[in-house]
Amino acid sequence: MPEHKAKVAIFISGGGTNMAALLYASRLPDCPYEIVLVASNNPDAGGLELAEAEGIATFAQSHKGMERADHDAVMERAVLDAGAEYIVLAGYMRILSKVFVTRWAGRIINIHPSLLPKYKGLDTHTRAIEAGDSHGGATVHLVTPELDSGAIMEQVKVAIMPGDTPDSLAERVKLAEHQLYPRALAAYVARHARVSA
Ligand code: GRF
């Protein structure tokens, strides 16, 4: 049993199914991390309600009408106030400023719904199907200022089936993401804890 659980803030913009997977995994025995905050740029993000119901502190600040750096600073304040050591992006649909990302280097992680380095950015499933790929998938990676380009931590492949649409593929990729993300995060924070022990 790890003595110290790594404190994690999750950033979401939408439904937050990956957030839910990370949260429920954190409540299983021996998980080396705990969720101390769920924060969003979208006050209507469905995941906020779930986090609240599960007794997790939440924070929401719309980015509308704000400079990027100012919005990032408000989000960061919430992270620091919650005592979080890691930021985990789970469907956070904002590009973070270079200064922010650089300050959190090595402690900010994202999940992307493709087998990076293929299909950075949006519409990953459409692009994989249109290219005739045999597999889509998901990648957990470190966040760096360049979009979807940081070091790859772990990946999972998902077969593309005949007749798959972007939606049907997205649904299966999400199932795979929900397995991958908690595992990749747990392995990462445990390794960090050993290195800094
Ligand atoms: C996931 O597909 C993730 O890979 C991408 O955004 C989506 C978030 O979905 N970055 P959810 O809000 O976790 O359901």
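# Reading a predicted model: charges, fold and cores

Analyst: In the protein chain of this predicted model, the mean positions of the 19 positive and 23 negative charges are 6 Å apart.

User: How many helices and strands are there in the protein chain, and what pattern does the chain follow along the sequence?

Analyst: The protein chain has six helices and seven strands. Their order along the sequence is β-α-β-α-β-α-β-α-β-α-β-β-α.

User: Which radius of gyration would a compact globule with 197 residues have, and what is the value for the protein chain?

Analyst: A compact globule of 197 residues would have a radius of gyration near 16 Å; the protein chain has 16 Å, so the two agree. Along the principal axes, the C-alpha atoms fill a box of roughly 50 × 45 × 35 Å. Among contacts with a separation of 6 or more, 64% join residues 24 or more positions apart.

User: What percentage of the residues count as buried, and what is the accessible surface of the chain?

Analyst: Of the 197 residues, 45% count as buried. The accessible surface comes to about 9800 Å², and carbon and sulfur atoms account for 55% of that area.

User: How should a nonpolar core be read, and how many residues does the largest one have?

Analyst: In soluble globular proteins, nonpolar side chains tend to be buried together. Here the largest nonpolar core has 38 residues, and I10, Y33 and V38 have the most contacts inside it. Elements giving two or more residues to this core include the strands β1 (6-12) and β2 (33-40) and the helices α1 (17-26) and α6 (166-196). Helix α6 supplies the largest share, 10 residues.

User: Which residues does Y33 touch, beyond those up to four places away in sequence?

Analyst: With those residues not counted, Y33 touches K5, A6, V8, L22, A25, S26, P182, L185, A186 and V189. Apart from the largest core lies another core, of 18 residues, among them F11, A78, W104 and V143.

User: Where is H125 found, and does its relative accessibility make it buried or exposed?

Analyst: H125 is found in helix α5, which covers residues 124-130. Buried status requires a relative accessible area under 20%; H125 has 13% relative accessibility and therefore counts as buried.

User: Which residues is H125 in contact with, leaving aside neighbours within four places in sequence?

Analyst: With those neighbours left aside, H125 is in contact with P113, P166, L169, A170 and V173. Helix α6 spans residues 166-196, the element that gives the largest core its largest share.

Terms used:
Residues are numbered from 1 along each chain as its sequence is written. This is a predicted model: local features need pLDDT of at least 70, side-chain atom pairs count only at pLDDT 80 or more; totals for chains, interfaces and linings use all residues. Side-chain values use heavy atoms; hydrogens and water are left out. A nonpolar core is a set of buried Ala, Val, Leu, Ile, Met, Phe, Trp, Tyr and Cys residues joined through side-chain atoms within 4.5 Å. Buried means under 20% relative accessible area, exposed over 50%, partly exposed in between (1.4 Å probe, protein chains only). Helices (H or I, at least four residues) and strands (E, at least two) are DSSP runs, numbered from the N terminus. Contact means heavy atoms within 4.5 Å. The radius of gyration is taken over C-alpha atoms; the globule rule is 2.2 Å times the number of residues to the power 0.38. Accessible areas come from the Shrake-Rupley method with a 1.4 Å probe; for residues, only the protein chains shown count as cover. Lys and Arg count as positive and Asp and Glu as negative; His and the chain ends are not counted. The place of a charge is taken as NZ of Lys, CZ of Arg, CG of Asp or CD of Glu.
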